[in-house]
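Please look over the sequence and the structure shown below before reading on. The report is meant to be read with both in view.

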Amino acid sequence: MPSLSCRLRLRRPPRRPVDTYRPQDIEKLGIRNATDLQEFIPQEAGGTVNLNIGNGGDGTVQFNLRGLLAKETLVLIDGKRVAYGSLGVAGFSGGPDINLIPFSMVDHVDILKDGASAVYGSDAISGVVNFFLVHKFRGLEIGGTYGNTNLGASNEMGEWEAWLKAGTGDDKTDIVVVADFWQRLGGVFSRDRDISSNGFFIPFGGFDARSGNFPGRVQGRRLLPSMFFGPGGLPQFGVNTPLPHSAPNAATSPFYKFPGVAFGTPAANNMPPVLGPFPDTKGGGDYFFFNFAAFTPALPPGDRQVYYGSFTRDMYARSFFDASLAAVPFTPDPFKTPGTNAFFSPTGISVPLTNPFNPFTVADATLPGFFPPTPDNPTGGLPVTTGVRFRGINDTGPRSEKFTYWDQLFDVGLRGEMGEFADYLKTWNWVLGFRYSRNEGQDLSIGEVSQPGLRQALLDTDPASAFDPFLNFNGHNTGLARQQVYVTLHNSGEYELPIGYATINGDLFNLPAGPVSFAIGGEYDAPRFTRDRDALNNTFQSIGSVDGQSFRVNRDVWGIYEEIRVPFTSPTWNFPGFYSFEVDFAEREEWYSNNTSAVLASGLFPRVRASHSRYNAQKPKVSVRWQPLDPKYIGAVTLRGSYTEAFHAPTLGELTPASSQNFPIVADPFSTQTEPQIEERVIGNPNLHPEVAYEWTYGIVYSPKWLKGLTLSADWWHIDMRDIVTAIGAQTIILENPPPNNGASTVVGGTGAIVVRGGGDNPNEPGPVLLINDPSNNLSGAVFEGLDYEGIYILDSSIFGAGDFGRLTTTVNGTWLSRAEFQAASNVKRVGIAGEFLPPGFALTSSLPWHRANFSIFYDGPADTWAAGLDVGAVVHWIGQYEDDNASLTASTKLNEPRSGPKGGGDEIAARKVAPYTTLDLILNYTFNLPPPAPAEVPGFAKDGGKNVRMKDGKEKNVVPVSTAEYGCNNWRWWLNNTTITLGMQNVLDEDPSFVAGSFENGYDESIATIKGRYWYVGLKKRF
């Protein structure tokens, strides 16, 4: 049920920048799903979650207008909030999953590109996306589409969607039901596209992102190639696994070699290297590092089923997403330093000398106090070999993250008019309603490793059940060993959002220019978020899965808002310079009461008690719409502007004191020993307070008199956010907390962040980063501003006086980000980040291109001809050039000077820009609109066989139905009429997206582009 405030706005010409997309617009633009819509909107930026993301994606699609954070964009259904995704984790924010809203049940989508907290409350800082569902429909519609990527470079990835829509009603009642089914088959794999086929990105100007965790590696050495690529199967001593206890260490073992380096000068020992140096052998192939891109899907399979009814509205949706990942890497170490939770081996795992497959006789380290002291072992130490790498390639195959969501939405309400009480109240309306929104999620992590199980299997001395981490690339462990080590983890979540609301709106009194209108409303929200984690995840005892703690958070929110519109002048009463001038005043106040559950001790964190906090926020907004001149002079000129003070309460996931594990990609300028992926623990904070923002927009809309059909608009926007709630990000924490000395160290930052480094194997430099503790805080702030622009020209051929030959519509819609600055804390410098792809370990956002735009041209056939149903056109999507992750590429220690690092002046890795990206889509729609046959007498049908129908004026009228006996379902015209055929192709030229070195998974910016390549589709829709 739309909010009264929203209805109040929509009755007038726009005072605020709003883009509206109706189903026919979405169909015409070739937008097939929520990810397409997200990529199409030029204002979308930042590291947004969508179905392009397999490694790190969770099967949801979330909006992120302006590129601040997804949580700053408010998503509504019919003007009211809906439940967030239920698989969010502690310390992180999120947003509603728009993938659960199929376009078949959407009446239109309004995108307000302006802050609106004074009207809608929390979240509406960077904009509002409002999905209005279908509530009035007559007849029956059946439709379906099918598309595939098999006409391009990708493998065959089919997508199909089918829906049924039915509706009936009269002037007082409307009933609508919709069933929609969508499925993505097969998926596109990273190996299918040139840009993503190899994690060795150096030839493109990036990093070697391949993994060092693979079978046959111990510290810096590898098994001999003959063994590494030799026979598979179970362990065979001296064939696919080294002879046990055959040498003191890897340096003296005949089974291991130092293979050289992947690029640059070969290593001094073991000359020449086993395989050639870069670039002759593309980085040495799999013998050097593990190419995960050979196994991982770039666009994983998924499906969705949605059932929706509108009378007393009830919507049910289910979606599934299968995010396959490379086989599990064995890190971190399941053995811990006694008395701590720090991993004993900085890289890889530790393997006891007693393991029956250990090829070494001398330990390189001893884990003290592991056993109770005995006469034979007075210190209780466990001699181990550290730095052993392994990956379950043949033990389990690729891991699988199977996400399933169940979403429910229920509305019930009453609305009425108050004119029956008094003439003064004849324009007054009221609404009273209740909404219940619920999202349940389940995540099955298949093929992961249990740390306790792995410890036990490594300590096992029986070759039949002990685990062998020294196998070659093709070998696999015994069934008993695998049974001890590999597990399936079960995680679930539930997010509930009950809402009660009441509103009244109408006209207070009349001014010469028109009525003064108002709206006032109150709302009570009671969101509840519960996250139940697998026992291994909850205690940070898994390997390969993302660990995190279980938690429960709930809050009570009371809010009241007022809005009043005052027309000072209007077309009916005005004076020179003020043809029409109106001002809108709005204010909202909300009170929050937050409760968090206690958190069990786990990982590096002690037990945290339950907490309660309270705060409130009161924010105003003023909007102005001004037409200085009568349109008869130069055309319609409208100036509009607004000032708002916005706020955003911390999300429930940010408030919990629980912690979550994360594995961001980082570039450590202080140590060459830090792995590309490190462990980060993000910690929630129950003592957070709301973010605040000060925003203004001002713009112009012009439709010139001298060129009919042309409309131009431009809006300048500015967002000044303060006290942003976020974790700082691993990359920023590393840069802002340099190590005090070489070797091991622990540095505690001013915001509570902690950098833990190990001793490493080079005494002349700081040790590798092992762990980052990253607490959520109210940080200092950010300033974003830019320009939105749009031009629409509709050329009607009839203006030339030679008849009607159809209509040509040309549109350009874009945004320019002129400024984006971020200040992580009050004691650090503000950093300019506009036009950059930020490091993945940077918390605020990811991609911020300066310029994005869409260009389209469409031809519609002339009315009253066979071509009236023809709609054919082309859409060009363009992303301008922007900076890559140069802070990482150049090893700069200064985010405000990302090109200043030591590798920025000509080494193999240097600063670079992301190339512009342009794609072309072609779309053709044709709807059959055949004229109905003339009414004819039919035997057996009485001429006076009509019925009396009560009309709106209270009178009855006899209505005689037209016979359709000669135009029934046995007639081909009946089947063709109101049938729409769609043919389309996205990315006609099969372009790979531009390479982005800072993007870890597939080498491109997944939030604003896709790797699926050329994609063709067909659609058929019949309305009865």
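What follows moves from the protein as a whole to some of its strands, and then to single residues.

**The whole protein**

The model discussed here is predicted. The protein contains 13 helices and 51 strands. Its radius of gyration is 32 Å, which is close to the 31 Å that the globule rule gives for 1024 residues, so the protein is as compact as a globular protein of that length. When the C-alpha trace is laid along its principal axes, the protein spans about 110 × 60 × 50 Å.

Of the 1024 residues, 57% count as buried. The surface that the protein exposes comes to about 39,600 Å², and carbon and sulfur atoms supply 59% of that area. Among the contacts with a separation of 6 or more, 73% are accounted for by residues that stand 24 or more positions apart. As for charge, the protein has 83 positive and 106 negative side chains, and the centres of these two sets lie 4 Å apart.

**An open sheet and a residue within it**

One open sheet has five strands in the order S1-S4-S5-S2-S3, and the pairing in this sheet is mixed. The edge strands are S1 (18–21) and S3 (80–81), each of which pairs on one side only. S1 pairs with strand S4 (residues 106–112) in the antiparallel sense, over four bridges, and within this pairing Val 18 stands opposite Leu 112 of S4.

Strand S4 also holds Val 109. Is Val 109 buried or exposed? With a relative accessibility of 1%, Val 109 counts as buried, because the cut-off for buried is under 20% relative accessible area. Once the neighbours within four places in sequence are left aside, Val 109 is in contact with Asp 19, Thr 20, Tyr 21, Val 129, Asn 130 and Phe 131. Val 109 and Leu 133 are 24 residues apart in sequence, and their C-alpha atoms are 8.7 Å apart in space. As general background, in a regular strand the side chains alternate between the two faces of the sheet.

**Antiparallel pairs further along the chain**

Strand S43 (residues 851–860) takes part in a pairing with strand S39 (residues 807–823), which is antiparallel and runs over ten bridges; here Asn 813 has Asn 854 of S43 as its bridge partner. S43 also pairs with strand S44 (residues 870–879), again in the antiparallel sense, over nine bridges, and in this pairing Phe 855 stands opposite Val 876 of S44.

**Two threonines in strands**

Thr 596 is found in strand S26 (residues 580–596). Which residues does Thr 596 touch, not counting residues up to four places away in sequence? They are Arg 552, Val 553, Ala 610, Ser 611, Leu 655, Thr 656, Pro 657 and Pro 686.

Thr 711 has its place in strand S32 (residues 710–722). Apart from its neighbours within four places in sequence, Thr 711 is in contact with Val 701, Tyr 702, Ser 703, Glu 790, Gly 791 and Ile 792. The C-alpha atom of Thr 711 is separated by 27 Å from that of Gln 986, and these two residues are 275 residues apart along the chain.

**Backbone details in loops**

A cis peptide bond, with omega of about 10 degrees, joins Thr 331 and Pro 332, and Pro 332 lies in the loop between strand S15 (314–325) and strand S16 (349–352).

Asp 123 is not a glycine, although its phi is positive, at about 90 degrees. The place of Asp 123 is in the loop between helix H4 (117–120) and strand S5 (127–133). Asp 990, which is likewise a residue other than glycine, has a positive phi near 55 degrees, and Asp 990 lies in the loop between strand S50 (979–986) and strand S51 (1015–1023).

**Accessibility of four residues**

The table lists the relative accessible area of the two threonines and the two aspartates described above.

| Residue | Relative accessible area | Class |
|---|---|---|
| Thr 596 | 8% | buried |
| Thr 711 | 30% | partly exposed |
| Asp 123 | 8% | buried |
| Asp 990 | 16% | buried |

Thr 711 is partly exposed because its relative accessible area is 30%, and a residue counts as partly exposed between the cut-offs of 20% and 50%. Asp 990, at 16%, is buried, because a value under 20% counts as buried.

Methods:
Residues are numbered from 1 along each chain as its sequence is written. This is a predicted model: local features need pLDDT of at least 70, side-chain atom pairs count only at pLDDT 80 or more; totals for chains, interfaces and linings use all residues. Side-chain values use heavy atoms; hydrogens and water are left out. The radius of gyration is taken over C-alpha atoms; the globule rule is 2.2 Å times the number of residues to the power 0.38. Buried means under 20% relative accessible area, exposed over 50%, partly exposed in between (1.4 Å probe, protein chains only). Contact means heavy atoms within 4.5 Å. Accessible areas come from the Shrake-Rupley method with a 1.4 Å probe; for residues, only the protein chains shown count as cover. Lys and Arg count as positive and Asp and Glu as negative; His and the chain ends are not counted. The place of a charge is taken as NZ of Lys, CZ of Arg, CG of Asp or CD of Glu. Two strands pair if DSSP finds at least two bridges between them.
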